[in-house]
Amino acid sequence: MTYLTKPKFHHPELPKNQLGYTRRDYEASTSTLCAGCGHDSISAAIIEACYELSIEPHRVAKISGIGCSSKTPDYFLGNSHGFNSVHGRMPSVLTGANLANRDLIYLGVSGDGDSASIGFGQFAHVMRRGVNMTYIVENNGVYGLTKGQFSATADRGSKSKKGVVNTDSGIDLVAIALQLGATFVARSFSGDKTQLVPLIKAAIEHRGAAFIDVISPCIAFNNHAGSTRSFDYVREHNEAVNSLDILLGRAPITVDYEPGKVIPVEQHDGKTILLRKLNDEYDPSDRLAAQNFLQRHAAKGEIVTGLLYIEADSDDLHAHINTVDAPLNTLGEKELCPGRAVLDRMNAALR
Ligand SMILES: Cc1ncc(C[n+]2csc(CCOP(=O)(O)OP(=O)(O)O)c2C)c(N)n1
Ligand code: SF4
Ligand SMILES: [Mg+2]
């Protein structure tokens with residue numbers, strides 16, 4: 001993979017987070033993507049979210065597949081663990097790593113080709129299993145890396161750069177994630193950092209499968225009239241249903257808000273997300289209503305963004321299969337081997 005290292009020096013008075021790190025400590029090599037690619041804005045949003053959450057970089061594992069989007073983990077969190085896997089196989093690598101070491105923060109980064117075309121089966125299973133992760137799809141409707149073929153998320157009727165009309169139905173990964181039981185589902189736009197950064201922070205704090213579909217225009221192959229993933233189209237059709245104001249720690253809520261306008265969503269560990277409603281009709285705690293709302297609006301060509309669904313009292317794969325609290329990779333022979341007598345009893349029970 002090509003990469004350009006960034007100089008290490010920086011202004012001594014750059015702001016620092018609670019750990020004493022600057023934003024520069026969450027950066028990595030210089031991006032080699034096309035100038036103006038939406039994916040670079042998502043990398044910047046991930047850096048900002050991790051800086052604001054004061055995450056220790058060595059506690060993050062960033063895992064990706066293949067594509068321009070899947071290259072981006074090279075451009076953020078240079079001091080974190082990383083695994084650039086095979087096309088469409090990021091979810092199984094992430095699941096395995098998560099099962100082996102539950103103590104890391106898992107960040108899956110993928111593209112619409114990587115997740116909705118070749119990796120669609122893997123995407124489905126990682127969602128239905130409730131793996132504790134933040135799964136981001138950088139959705140541009142094309143295979144950017146291989147020069148702009150329609151991906152499976154491209155809308156029927158949308159036009160390629162050369163004027164070819166897509167005749168296949170597009171897969172809506174948000175609808176699929178909702179149907180398969182993801183406990184945090186959001187959509188955003190790479191051009192809206194104000195919306196995206198709090199969503200990434202909330203997804204990282206969420207326990208369970210957190211999915212964010214980020215519309216991320218490909219300026220080289222899918223930013224023309226007739227595309228439904230261009231900067232202009234998304235700006236004109238963006239229908240934000242809410243915004244996340246603040247992500248608080250365990251401190252009591254001290255901000256004043258008009259009742260009904262802001263919903264406090266308490267998470268499993270006592271942390272609270274404040275959700276500011278922009279659409280009174282929208283209830284992000286009702287999975288079925290969310291699915292209905294999204295389909296009605298998609299039929300009108302609107303792109304609904306915001307936190308679309310959250311299950312506050314969620315759990316994850318480790319809870320489902322009842323693993324021990326200690327990460328499995330820290331267990332020794334003593335804990336892992338039950339002893340001859342127990343094994344004999346188990347074998348006898350199977351005869
Ligand atoms: C098994 C396999 N099949 C096909 C390819 C070729 N290939 C590389 S990237 C890619 C599509 C990437 O599209 P997407 O995930 O949307 O990423 P983008 O480049 O648009 O960000 C394809 C088909 C590959 N690398 N490996
Ligand atoms: S080809 Fe498209 S997706 Fe790839 S770097 Fe260029 S603008 Fe981004
Ligand atoms: Mg793509």
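Author: Ala, Val, Leu, Ile, Met, Phe, Trp, Tyr, Cys and Pro count here as nonpolar, Asp, Glu, Lys and Arg as charged, and the others, Gly among them, as polar. The model is predicted.

Reader: How do the residues of the shell around ligand 2 divide into nonpolar, polar and charged?

Author: Start with the shell itself. Ligand 2 is surrounded by Leu33, Cys34, Cys37, His39, Cys68, Asn140, Gly144, Cys218, Ile219, Ala220 and Phe221. Cysteines count as nonpolar in this scheme, and Gly as polar. The split is eight nonpolar, three polar and no charged.

Reader: Cys34 is in that shell. Is Cys34 buried, partly exposed or exposed?

Author: The relative accessibility of Cys34 is 43%. Buried needs under 20%, and exposed needs over 50%. Cys34 falls in between, so the label is partly exposed.

Reader: And how many disulfides are there?

Author: A pair of cysteine sulfur atoms must lie within 2.5 Å to count. By this rule the number of disulfides is zero.

Reader: What is the relative accessible area of Cys337?

Author: Cys337 carries the label partly exposed. That label covers values between the 20% and 50% cut-offs. For Cys337 the value is 40%.

Reader: Which residues coordinate the magnesium ion (ligand 3)?

Author: The donors sit at 2.1 to 2.2 Å. Along the chain they follow the spacing D-x27-N-x1-V. Two side chains give OD and OD1, and one residue gives O. In order, the residues are Asp112, Asn140 and Val142.

Reader: Are Asn140 and Val142 buried or exposed?

Author: Asn140 is listed around ligand 2 as well as among the magnesium donors. Val142 gives its O to the ion. Both residues are buried.

Reader: Which residues of the largest nonpolar core touch the most other members?

Author: This core has 35 residues. Helix H1 (38–52), strand E3 (105–111), strand E7 (184–189), helix H7 (193–205), E8, strand E12 (272–277) and strand E13 (303–310) each supply at least two of them. The residues with the most such partners are Ile46, Phe184, Ile200 and Ile212.

Reader: How many residues are in the other core?

Author: That core lies apart from the largest one. Its members include Leu104, Tyr135, Leu178 and Leu308. The size of this second set is 31 residues.

Reader: Which residues is Ile200 in contact with, beyond its neighbours within four places in sequence?

Author: Ile200 belongs to the largest core. Contact requires heavy atoms within 4.5 Å. The partners are Ala45, Ile46, Ala49, Ile136 and Ile212.

Reader: Which residues of helix H5 (residues 120–129) are buried?

Author: Look first at what covers them. The cover includes helix H3 (90–100), helix H4 (112–117), strand E4 (133–139), helix H6 (173–179) and strand E8 (209–215). Past the helix comes Gly130, with a positive phi near 70°. The buried residues of H5 are Phe123, Ala124, Val126 and Met127.

Reader: Leu77 has a positive phi. Is Leu77 buried or exposed?

Author: Phi of Leu77 is near 50°, and the residue is not a glycine. Leu77 lies in the loop between helix H2 (68–71) and strand E2 (81–84). Its relative accessible area is 1%, under the 20% limit, so Leu77 is buried.

Reader: Lys147 also has a positive phi. Is Lys147 buried or exposed?

Author: Phi of Lys147 is near 85°. The loop that holds Lys147 runs between strand E5 (142–143) and strand E6 (149–150). Relative accessibility is 63%, over the 50% limit, so Lys147 is exposed.

Reader: Which residues is Ser54 in contact with, leaving aside those within four places in sequence?

Author: Ser54 lies in the loop between H1 and strand E1 (60–64). At 12% relative accessibility, Ser54 is buried. Its contacts are Asn17, Gln18, Leu19 and Tyr26.

Reader: What distance separates the C-alpha atoms of Ala35 and Ile219?

Author: Ala35 lies in the segment before H1. At 74% relative accessibility, Ala35 is exposed. Ala35 and Ile219 are 184 residues apart along the chain. Their C-alpha separation is 8.5 Å.

Reader: And what distance separates the C-alpha atoms of Asp232 and Pro217?

Author: Asp232 is in helix H8 (residues 231–237). With 52% relative accessibility, Asp232 counts as exposed. The two residues are 15 apart along the chain, and their C-alpha separation is 9.6 Å.

Conventions: Residues numbered from 1 in each chain as written. Chains lettered and ligands numbered in written order. Predicted model: local features only at pLDDT ≥ 70, side-chain atom pairs only at ≥ 80, totals over all residues. Heavy atoms only, no water. Buried < 20%, exposed > 50% of the residue type's maximum accessible area, 1.4 Å probe, protein only. Helix = DSSP H or I, 4+ residues; strand = E, 2+ residues; numbered from the N terminus. Near = heavy atom within 4 Å. Core = buried A, V, L, I, M, F, W, Y, C linked by side-chain atoms within 4.5 Å. Donors = N, O, S within 2.8 Å, 3.2 Å for Na, K, Ca; no water.
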